[in-house]
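Here is a friendly walk through one protein model, helix by helix. Please keep the sequence and the 3D view open as you read.

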Amino acid sequence: MSSRRSQQEDDLHFRVLRQLQDKPDASERELAAMLGVSNGKLHYCMKALMEKGLVKLGNFARSKHHLGYAYLLTPAGIAQKGRMTASFLKRKMAEYETLRAEITALQSEMAREDGSQARRRTPWNSEEAGHGPE
């Protein structure tokens with residue numbers, strides 16, 4: 001179970017890095033909404049990414065009266081995102097192949113069951129069709 005939790009955590013980190021690369025000026029609240037996680041979970045994730053040196057907090061002027069903040073990927077963050085992309089894609093492709101095989105097996109099973117039922121219901125095997133013993 002801990003490896004599954006670790007995988008989910010890695011997936012969230014990857015998704016956060018992707019979002020930050022596209023929209024560095026997004027607030028934690030906006031990021032949480034985009035990713036479908038709670039604000040607290042996202043904050044915990046951001047803190048972990050900053051502690052790992054993958055993200056840094058920078059500031060910029062949103063207007064002349066207010067400062068805004070941006071989460072910027074560090075060079076290490078960009079490199080890690082690349083590795084995570086390859087790993088994520090490899091895992092998702094394996095999941096896809098497993099799911100595809102399961103779907104194919106289920107479709108074959110249903111086709112066999114449908115064929116079996118159709119043979120039992122054919123008019124020449126049914127007295128109800130008027131072709132029974134006379």
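The paragraphs below look at a short helix, its packing partner and a residue in another helix. Bear in mind that this is a predicted model.

Let's begin with helix α2, which spans residues 28-35. Its buried residues are Glu28, Leu31, Ala32 and Leu35. Looking down the axis of α2, you will find these buried residues within an arc of 100°, so they line one face of the helix. The spacing makes sense, because an α-helix has 3.6 residues a turn and residues three or four places apart point the same way. Turn to the face directed away from the buried side, and you meet the exposed residues Arg29 and Ala33. Just after α2 comes Gly36, with a positive phi near 70°.

What does α2 pack against? Its partner here is helix α3, residues 39-51. The axes of the two helices lie 9 Å apart and make an angle of about 110°. An angle from 65 to 115 degrees counts as roughly perpendicular, and α2 and α3 are therefore described that way. On the α2 side, the contact involves Glu28, Arg29, Leu31, Ala32 and Leu35, while α3 contributes Asn39, Leu42, His43 and Met46. Sorted by class, this contact has five nonpolar, two polar and two charged residues.

Now move to helix α1, residues 2-22, where you will find Asp11. Is Asp11 buried or exposed? Its relative accessible area is 16%, and buried means under 20%, so Asp11 counts as buried. Leaving aside residues up to four places away in sequence, Asp11 touches Phe88 and Arg91.

Key. Residues are numbered from 1 along each chain as its sequence is written. This is a predicted model: local features need pLDDT of at least 70, side-chain atom pairs count only at pLDDT 80 or more; totals for chains, interfaces and linings use all residues. Side-chain values use heavy atoms; hydrogens and water are left out. Axes are lines fitted to C-alpha atoms, for helices over the stretch in contact, and angles run from 0 to 180 degrees between N-to-C directions. Helices (H or I, at least four residues) and strands (E, at least two) are DSSP runs, numbered from the N terminus. Angles under 35 degrees count as roughly parallel, over 145 as roughly antiparallel, 65 to 115 as roughly perpendicular and the rest as oblique. Contact means heavy atoms within 4.5 Å. Ala, Val, Leu, Ile, Met, Phe, Trp, Tyr, Cys and Pro count as nonpolar, Asp, Glu, Lys and Arg as charged, and the others, Gly among them, as polar. Buried means under 20% relative accessible area, exposed over 50%, partly exposed in between (1.4 Å probe, protein chains only). The arc is that of the directions from the helix axis to the C-beta atoms.
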